[in-house]
Amino acid sequence: MDIVTPGFRGRRRERDRALPPGQYLAEDFPVLSAGPTPRVRPEGWRFTIETETGETHAWTWAEFLALPAETPRVDIHCVTRWSKLDTEWRGVALDTLLAGVDTAADFVMAHSFDGYTTNVPLEDLLDGQSWIAYEYDGEPLDSEHGGPARLLVPHLYFWKSAKWVRGLTLSHADEPGFWESSGYHHYGDPWREQRYQGD
Ligand SMILES: Nc1nc2c(c(=O)[nH]1)N[C@H]1C(S)=C(S)[C@@H](COP(=O)(O)O)O[C@H]1N2
Ligand SMILES: [Mo]
């Protein structure tokens with residue numbers, strides 16, 4: 001039997017949509033940070049991509065905002081078991097940022113202004129799968145959610161979506177980042193429930 005209560009109709013679609021195993025739908029947008037929120041001013045902001053040969057590409061905030069942006073609607077899944085469906089973001093696709101970058105690397109480490117790091121295979125950032133996002137739900141990204149800009153890699157657990165991202169380093173070696181060094185899964189596919197090492 002299908003129970004429909006007033007005010008719940010708008011959620012019909014969300015409720016009926018499949019969630020990855022072990023996940024539930026969050027009503028709000030939880031904040032999960034390993035430390036305090038760093039103060040990152042747009043004036044001092046730089047986004048840097050460093051290749052395996054040491055070549056660097058950098059964008060100031062103004063240069064970054066001038067790049068073509070996209071408005072992805074995506075589902076996000078945190079390893080602490082909450083998910084949100086159809087979240088709306090605005091940001092620059094990694095395809096755009098990496099278009100002029102000459103690399104033969106297979107792996108990426110994302111670095112953040114709070115010292116956080118997380119590793120992702122380069123191919124998982126390409127083909128419309130990831131963005132550097134600076135708006136959420138039509139508003140500038142809140143600092144507690146990673147503003148001014150964060151990595152958004154929605155097909156992997158949300159710890160891969162580095163908040164306050166300051167750059168990517170490309171490498172031939174697959175090194176673990178912050179959570180990956182303390183027992184979390186190296187890759188983190190929510191559909192295969194890759195929460196911890198050995199999953
Ligand atoms: N720089 C940085 N990025 C981070 C984190 C962090 O502590 N520092 N936490 C990660 C974790 S574990 C999760 S679940 C998400 C939480 O994002 P939210 O606070 O916007 O929900 O950010 C990820 N990105
Ligand atoms: Mo998390």
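By class, how many nonpolar, polar and charged residues does the shell around ligand 1 have? Keep that in mind as you open the model, which is a predicted one, and let's walk through the site together.

**Stop 1: the ligand and its shell.** Select ligand 1 and show what surrounds it. You should find 20 residues, and the closest are Pro30, Ala34, His145, Arg150 and Lys163. Colour this shell by class and you have the answer to the opening question: 13 residues are nonpolar, four are polar and three are charged.

**Stop 2: the polar contacts.** Next, pick Lys163. An N or O atom in the side chain of Lys163 sits 2.6 Å from an oxygen atom of ligand 1. Move on to Arg150, where a side-chain N or O atom is 2.7 Å from an oxygen atom of the ligand. Then select Ser112: here a polar side-chain atom lies 3.3 Å from a nitrogen atom of ligand 1. Now switch on a surface for the ligand. On its own, ligand 1 would expose 530 Å², and the protein buries 97% of that area.

**Stop 3: the pocket.** Hide the ligand for a moment and look at the space it takes, which is the largest pocket. This pocket holds about 370 Å³ of space. Its lining comprises 23 residues; select Leu32, Ser33, Tyr116, Trp159 and Trp179 to see the ones closest to the pocket's centre. Colour the lining by class as you did the shell, and you will count 15 nonpolar, five polar and three charged residues.

**Last view.** Bring ligand 1 back into the largest pocket, with Arg150, Lys163 and Ser112 shown as sticks.

Terms used: Residues numbered from 1 in each chain as written. Chains lettered and ligands numbered in written order. Predicted model: local features only at pLDDT ≥ 70, side-chain atom pairs only at ≥ 80, totals over all residues. Heavy atoms only, no water. Near = heavy atom within 4 Å. Polar contact = N/O pair within 3.5 Å; in protein donor to acceptor, adjacent residues only side chain to side chain. Areas by Shrake-Rupley, 256 points an atom, 1.4 Å probe, with all protein chains shown as cover. 1 Å grid on protein atoms, 1.4 Å probe; cavity = no way out; pocket = protein on both sides within 12 Å on 5 of 7 lines; lining within 4 Å. Sits in = over half its atoms within 2 Å of the grid points. Nonpolar A, V, L, I, M, F, W, Y, C, P; charged D, E, K, R; others polar. Points joined across faces, edges and corners; volume = space filled by probe spheres on them.
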